[in-house]
Amino acid sequence: MRIDIISVVPDILTSPFDVSILKRAIEKGLVEIHIHNLRDYVTDNYKQIDDYQFGGGAGMVMMIEPIDKCISGLKTERNYDEIIYMTPDGKTLNQKTANTLSLKENIIILCGHYKGVDQRVRDHFITREISIGDYVLSGGELAAAVLCDTVIRLIPGVLGNETSALTDSFQDDLLAPPVYTRPAEYKGWKVPEILTSGNFPKIEAWREEQSYQRTKELRPDLLDED
Ligand code: ADE
């Protein structure tokens with residue numbers, strides 16, 4: 001998979017891809033990340049990427065021309081399956097969307113800033129608009145990093161034990177069951193006995209029940225969805 005990220009503050013995107021699982025995924029050649037500084041696509045000397053909005057009103061708007069230059073340039077080099085705009089008024093990211101995107105070959109992610117982008121960018125270039133939650137960030141970069149993390153970890157081979165992504169919370173619309181590790185007793189707090197019983201069918205049944213109970217208690221809305 002190849003992901004091109006377009007940003008006006010590309011420095012924010014350095015560290016998420018420079019450590020841990022995402023770094024290893026890049027090193028293994030399972031994903032390529034290309035970060036593009038939108039200012040490199042501006043022709044005027046002031047490197048202006050935003051301007052006042054037509055009709056008045058507070059806040060600057062990201063101009064269409066540099067975005068067009070960047071996206072159109074990329075599109076001449078390869079086909080893109082999705083051109084995603086990170087914005088608080090997009091569709092809220094969930095596991096299903098992450099699963100879908102993890103199967104794609106080439107993706108562009110555009111990070112919004114200020115009041116957002118000129119609507120014509122959304123109308124003519126963007127195939128999908130994604131929000132990471134009902135709150136407003138200073139820009140789309142952190143949201144893009146969240147999206148990349150949740151998608152990349154699903155690419156086969158990225159996680160050591162592939163089944164561990166399949167048993168994540170939300171993967172089957174249920175929250176994950178509780179997990180424990182050594183010691184089996186700490187300050188008198190014991191691990192549930194079933195987990196040390198060695199009876200794997202019973203352990204599996206216990207986990208399923210815990211998942212269901214947890215979901216019912218903490219996220220009953222997940223059980224209502226079709
Ligand atoms: N940009 C600003 N806030 C955002 C959010 N909540 N999700 C995605 N992009 C954003």
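**View 1. C111 and C148, two cysteines without a bond between them.** In this predicted model, the sulfur of C111 has its closest cysteine sulfur in C148, and at 8.4 Å that is too far for a bond. The view from the other side of the pair agrees: for C148, the closest cysteine sulfur belongs to C111, again 8.4 Å away and too far for a bond. A disulfide is a covalent bond between the sulfur atoms of two cysteines. The cut-off for calling one here is a sulfur pair within 2.5 Å, so the 8.4 Å between C111 and C148 does not qualify. A search of the whole structure likewise turns up zero disulfides. Are these cysteines buried or exposed? C111 counts as buried because its relative accessibility is 0%, and C148, at 1%, counts as buried too.

**View 2. A patch of negative charge on the surface.** Four residues gather here: D172, D173, E204 and E208. To find your way around, start from E204, which sits in helix α7, spanning residues 200-218. E204 has a relative accessibility of 40%, so it counts as partly exposed. D173, another member of the patch, is found in the loop between α6 and β8.

**View 3. D173, a patch member with a positive phi.** It is worth staying with D173 for a moment. What is the phi of this residue? Its value is near 65°, which is positive in a residue other than glycine. D173 counts as partly exposed because its relative accessibility is 37%, and the loop that holds it runs between α6 and β8.

**View 4. The cis peptide bond from R182 to P183.** Look at the link from R182 into P183: this peptide bond is cis, and its omega is near 0°. Where does P183 lie? The proline belongs to the loop between α6 (163-166) and β8 (185-186). D173 from the previous view is also found in the loop between α6 and β8.

**View 5. Y114, a tyrosine with a positive phi.** Y114 is not a glycine, yet its phi is positive, at about 55°. The residue lies in the loop between β6, which covers 106-111, and α4, which covers 119-124. Y114 counts as partly exposed because its relative accessibility is 41%. By contrast, C111 from the opening view counts as buried, at 0%.

Definitions and conventions. Residues numbered from 1 in each chain as written. Predicted model: local features only at pLDDT ≥ 70, side-chain atom pairs only at ≥ 80, totals over all residues. Heavy atoms only, no water. Patch = residues over 30% accessible without salt bridge, like charges linked within 9 Å, V, L, I, M, F, W, Y side chains within 5 Å. Areas by Shrake-Rupley, 256 points an atom, 1.4 Å probe, with all protein chains shown as cover. Salt bridge = Lys/Arg side-chain N within 4 Å of Asp/Glu carboxyl O. Lys, Arg positive; Asp, Glu negative; His and termini not counted. Charge placed at Lys NZ, Arg CZ, Asp CG, Glu CD. Helix = DSSP H or I, 4+ residues; strand = E, 2+ residues; numbered from the N terminus. Buried < 20%, exposed > 50% of the residue type's maximum accessible area, 1.4 Å probe, protein only.
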